[in-house]
Amino acid sequence: MTPSRDISRLLEIMAALRTPVTGCPWDLEQNFSTIAPYTLEEAYEVADAIAKNDLVELREELGDLLLQVVYHARMAEEENHFDFEDVVEGITKKLIRRHPHVFGDENGEKPELVKGIWERIKAEERAEKRAEREKLGLAEPNKGFLDDVPTAFPALQEADKLQRRASKVGFDWNDARLVLDKIREETLELDEELAKGTPDKDRMTDELGDTLFALANLARHLDIDPEEALRRTNRKFRKRFAAIEAHAEKTGTSLEAMSLDEMEAAWQAAKRS
């Protein structure tokens, strides 16, 4: 079998990998649950390539992510649920339907008009999905108001989306300074727990979680993406720690041999520069 620019070749390769007896033993063992972590990992690697502005790597990572879609579609086809073509048809139908201002007659040049169109169409899609489930004899999940927020999101992103969802019905602070007060309250409770001779690990976990949740809320009130804010700090940390490594190499020592004071001095020098 030879490589190809045609998507059909990728589908053929995946089918061959999943063919009993002649396929790959590892691929044959997999199911939706075991492949899901790889799907998330590949999505993060796509984001990483974009952050690094490495378009060669991005091309490769997009291929890896596409493979995940093909993999899940193949397993679904084997169980007679749907196939890759159904996936393609579904997303093209959704895009055309959600953009009547592009593919239809509706006027949606202004962002607020587009948002209104999307909300109306998504409501129609939810109704159709309920009807489809009923037709297949599947019970409609008893959904709460927050159940549309996937639990598979990174925790910080999930917190942001939960808060945005709750704010739609008025469950929200109306002043960012009140959120700051909440953060101070949570950190105080952490401090009180740490002051104990033997802090309770479960309680500290709860209090730290509450603090992180409140920080995500503050980011939302400041119109800042908490994931991007933390990524930016992570990038700064990498850069400044690399400066400590460079200092160690320049002075003929090692990280392990450096004192904390020496590391801090190199860190501050990198920060100033």
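# A tour from Phe 241 to Pro 20

Begin by selecting Phe 241: setting aside neighbours within four places in sequence, this residue is in contact (heavy atoms within 4.5 Å) with Leu 255 and Trp 267. The model is a predicted one, in which local features need pLDDT of at least 70 and side-chain atom pairs count only at pLDDT 80 or more, while totals for chains, interfaces and linings use all residues. Residues are numbered from 1 along each chain as its sequence is written, and side-chain values use heavy atoms, with hydrogens and water left out.

**Stop 1: Phe 241 and helix 11**

Phe 241 belongs to helix 11 (helices are DSSP runs of H or I with at least four residues, numbered from the N terminus). With 30% relative accessibility, Phe 241 counts as partly exposed (buried is under 20% relative accessible area, exposed over 50%, partly exposed in between, with a 1.4 Å probe and protein chains only). Next, add Met 263 to the selection: its C-alpha atom lies 8.7 Å from that of Phe 241, although the two residues are 22 residues apart along the chain.

Now extend the selection to the whole of helix 11, residues 226–250. This helix has 25 residues and reaches 36 Å from its first C-alpha to its last, close to the 36 Å expected at 1.5 Å a residue (the expected span is 1.5 Å times one less than the number of residues). Which residues of helix 11 are buried? They are Pro 226, Glu 227, Arg 240, Ile 244 and Ala 248. To see what covers these buried residues, display helix 8, helix 10 (201–221) and helix 12 (260–272), which are among the covering elements.

**Stop 2: the two ends of helix 11**

At the start of helix 11, select Asp 225 and Glu 227: a side-chain oxygen of Asp 225 comes within 3.0 Å of the backbone nitrogen of Glu 227. Asp 223 is found in the loop between helix 10 and helix 11. Its phi is positive, about 60°, although Asp 223 is not a glycine. Asp 223 has 68% relative accessibility and counts as exposed. Then move to the other end, where helix 11 is followed by Gly 252, with a positive phi near 70°.

**Stop 3: Ser 167 in helix 8**

Select Ser 167, which has its place in helix 8. Ser 167 counts as partly exposed, at 25% relative accessibility. Not counting residues up to four places away in sequence, Ser 167 touches Asp 172 and Arg 220. Arg 126 may then be added: its C-alpha atom is 21 Å from that of Ser 167, and the two residues are 41 residues apart along the chain.

**Stop 4: helix 3**

Select residues 32–51, which form helix 3. Its 20 residues reach 29 Å from the first C-alpha to the last, close to the 28 Å expected at 1.5 Å a residue. Colour Ile 35, Glu 42, Val 46 and Ala 49, which are buried. Seen down the helix axis, the buried residues of helix 3 fall within an arc of 65°, so they line one face of the helix (the arc is that of the directions from the helix axis to the C-beta atoms). These buried residues pack against helix 2 (25–29) and helix 4 (55–78). On the other side of helix 3, Ser 33 and Ala 51 are exposed.

The ends of helix 3 also deserve a selection. Asn 31 caps the N-terminal end, where one of its side-chain oxygens lies 3.0 Å from the backbone nitrogen of Ser 33. After helix 3 comes Asn 53, whose phi is positive, near 55°.

**Stop 5: His 72 beside helix 3**

Select His 72, located in helix 4. What joins the side chains of His 72 and Thr 39? A polar contact of 2.9 Å does so (a pair of N or O atoms within 3.5 Å; within protein, one must be able to donate a hydrogen and the other to accept it, and residues adjacent in sequence count only if both atoms are side-chain atoms). Leaving aside neighbours within four places in sequence, His 72 is in contact with Phe 32, Ile 35, Ala 36 and Thr 39.

**Stop 6: the loop before helix 2**

Finally, select Val 21, in the loop between helix 1 (7–17) and helix 2. Val 21 has a positive phi of about 75°, although this residue is not a glycine. At 83% relative accessibility, Val 21 counts as exposed. Pro 20 lies in the loop between helix 1 and helix 2 and is exposed, with a relative accessible area of 59%. To end the tour, add Leu 10: the C-alpha atoms of Leu 10 and Pro 20, 10 residues apart along the chain, are separated by 18 Å.
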